[in-house]
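User: Take a close look at one strand of this model for me. I want its faces, its partners and its place in the sheet, then the core.

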Amino acid sequence: MPDLVHIRVDGRDLVVPADVSLAAALLNARIDAFRSSATGDSRGPVCGMGICFECRVRIDGVSHRRACTEPVRDGMEVFTLG
């Protein structure tokens with residue numbers, strides 16, 4: 001059984017495996033809209049390796065972090081940029 005960590009996403013507490021990226025944790029929690037485009041369309045991960053920048057979220061007060069390149073850690077606070 002994998003180790004688990006607690007993260008908070010848009011005010012919602014989640015318990016997720018400790019060995020996944022933030023993008024994977026969000027997608028596993030059925031959160032697929034990470035931000036909104038300039039025209040208001042929902043955006044989420046496309047490439048999964050940090051090239052497309054579609055998975056940007058605010059992590060611990062720092063905006064425009066790529067969720068696919070960030071490992072989850074206990075106590076992480078995340079806000080989608082929608």
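Analyst: Strand S7 has two unlike faces: Val78 and Thr80 lie on the covered one, Glu77 and Phe79 on the uncovered one. In a regular strand, side chains alternate between the two faces of the sheet. The model is a predicted one.

Now the partners. S7 covers residues 77-80 and pairs with S5 in the antiparallel sense, over three bridges. With S1 the pairing is parallel, over two bridges. Val78 of S7 has Val9 opposite it, and Ile59 also stands opposite Val78. Phe79 in S7 is the bridge partner of Arg58.

Next, the sheet. Its five strands run in the order S2-S1-S7-S5-S6; the sheet is open and the pairing is mixed. S2 and S6 (62-66) are the edge strands; each has a single partner strand, so one side of each lacks a neighbour in the sheet. On average, neighbouring strands are turned by 40 degrees against each other, direction ignored.

Last, the core. The largest nonpolar core holds 21 residues, and Ile7, Leu22 and Val72 touch the most other members. Strands S1 (4-9), S2 (12-17) and S5 (56-59) and helix H1 (22-28) each give two or more residues to this core. H1 gives the most, with four residues. In soluble globular proteins, nonpolar side chains tend to be buried together.

Ile7 deserves its own entry. Leaving aside neighbours within four places in sequence, Ile7 contacts Leu22 and Val72, along with Arg12, Asp13, Leu14, Val16, Arg73 and Met76.

Definitions and conventions. Residues numbered from 1 in each chain as written. Predicted model: local features only at pLDDT ≥ 70, side-chain atom pairs only at ≥ 80, totals over all residues. Heavy atoms only, no water. Core = buried A, V, L, I, M, F, W, Y, C linked by side-chain atoms within 4.5 Å. Buried < 20%, exposed > 50% of the residue type's maximum accessible area, 1.4 Å probe, protein only. Contact = heavy atoms within 4.5 Å. Pairing = 2+ DSSP bridges. Axes fitted to C-alpha atoms, helices over the stretch in contact; angles between N-to-C directions.
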